[in-house]
Amino acid sequence: LALLEQSHEHLLDVPKDTGSVGLVCYNLGYLPGAPSESDPEIPADYKQTQTQTSCTLSSITDAALLLRVGGLLSVMTYP
């Protein structure tokens, strides 16, 4: 099991065994949460960091090629 918390833009750069990828999940939109004193890691301009359509569509295509037979592709979007 490998959990990769990273941009989907570089999906094909991740070392992989194409027969073992069973699930690829996308959580699209901007970084959830809001800046607060309790979490200084979230920048004040967090809504400026959003997924971009062109790299997302390319990455979803890459993910479909990586998935094993019977694998799942999950895409979560927000209004």
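**Entry 1: the helix and its cover**

What covers the buried residues of α1? I looked this up before anything else, and the cover includes β1 and β2. A reminder to myself: this is a predicted model.

Then I wanted the overall layout. I found one helix and two strands in the protein chain. Read from the N terminus, the elements go β-α-β. The strands are β1, residues 23-27, and β2, residues 72-76. The helix α1 covers residues 53-66.

**Entry 2: whole-chain numbers**

I looked up how much of the chain is tucked away. The protein chain has 79 residues, and 20% of them count as buried. Its accessible surface comes to about 6200 Å², and carbon and sulfur atoms hold 56% of that. I also checked contacts between residues at least 6 apart in sequence, and 61% of these join residues at least 24 apart.

**Entry 3: the length of α1**

How far apart are the end C-alpha atoms of α1? I got 20 Å. With 14 residues at 1.5 Å a residue, the helix should span 20 Å, so the two values agree.

Next I listed which residues of α1 are buried: T56, S59, D62, A63 and L66. Looking down the helix axis, I saw these buried residues fall within an arc of 125°, so they line one face of α1. On the face turned away from that buried side I found the exposed residues T53, S54, L57 and L65.

**Entry 4: three residues of the helix**

I picked D62 because it counts as buried, at 17% relative accessibility, under the 20% cut-off. D62 sits in α1. Skipping residues up to four places away in sequence, D62 touches L11 and L12.

T56 came next, also in α1. Is T56 buried or exposed? It is buried, with a relative accessible area of 7%. Leaving aside neighbours within four places in sequence, I found T56 in contact with H8, L28 and T51. I also checked T56 against Y26: they are 30 residues apart along the chain, and their C-alpha atoms are separated by 9.0 Å.

Then I tried C55, another residue of α1. C55 has a relative accessible area of 22%, so I noted it as partly exposed, since buried means under 20%. Apart from neighbours within four places in sequence, C55 is in contact with H8 and E9. C55 and E9 are 46 residues apart in sequence, but their C-alpha atoms are 5.8 Å apart in space.

**Entry 5: the strands**

How do β1 and β2 pair? They pair in the parallel sense, over five bridges. I followed Y26 across, and its bridge partner in β2 is V75.

I then looked at the two faces of β1. The covered face has V24 and Y26, while L23, C25 and N27 are on the uncovered one. I checked what V24 touches, not counting residues up to four places away in sequence, and got A63, L67, L72, L73 and S74.

**Entry 6: just before β1**

G22 lies in the segment before β1. I had to look twice at the number here: the relative accessible area of G22 is 19%, so it counts as buried, the cut-off being under 20%. Which residues is G22 in contact with, leaving aside neighbours within four places in sequence? I found L67, R68, G71 and L72. G22 and G71 are 49 residues apart along the chain, yet their C-alpha atoms are separated by 4.3 Å.

**Entry 7: the core**

Last, I looked for the largest nonpolar core. Eight residues make it up: L11, V21, V24, Y26, L28, A63, L66 and L67. The elements that give two or more residues to this core are β1 and α1.

I went back over my notes for names that turn up again. V24 and Y26 are on the covered face of β1, and both belong to the core. A63 and L66 are among the buried residues of α1, and they are core members as well. L11, also in the core, is touched by D62.

How values were computed
Residues are numbered from 1 along each chain as its sequence is written. This is a predicted model: local features need pLDDT of at least 70, side-chain atom pairs count only at pLDDT 80 or more; totals for chains, interfaces and linings use all residues. Side-chain values use heavy atoms; hydrogens and water are left out. A nonpolar core is a set of buried Ala, Val, Leu, Ile, Met, Phe, Trp, Tyr and Cys residues joined through side-chain atoms within 4.5 Å. Buried means under 20% relative accessible area, exposed over 50%, partly exposed in between (1.4 Å probe, protein chains only). Helices (H or I, at least four residues) and strands (E, at least two) are DSSP runs, numbered from the N terminus. Contact means heavy atoms within 4.5 Å. Two strands pair if DSSP finds at least two bridges between them. Accessible areas come from the Shrake-Rupley method with a 1.4 Å probe; for residues, only the protein chains shown count as cover. The expected span of a helix is 1.5 Å times one less than its number of residues. The arc is that of the directions from the helix axis to the C-beta atoms.
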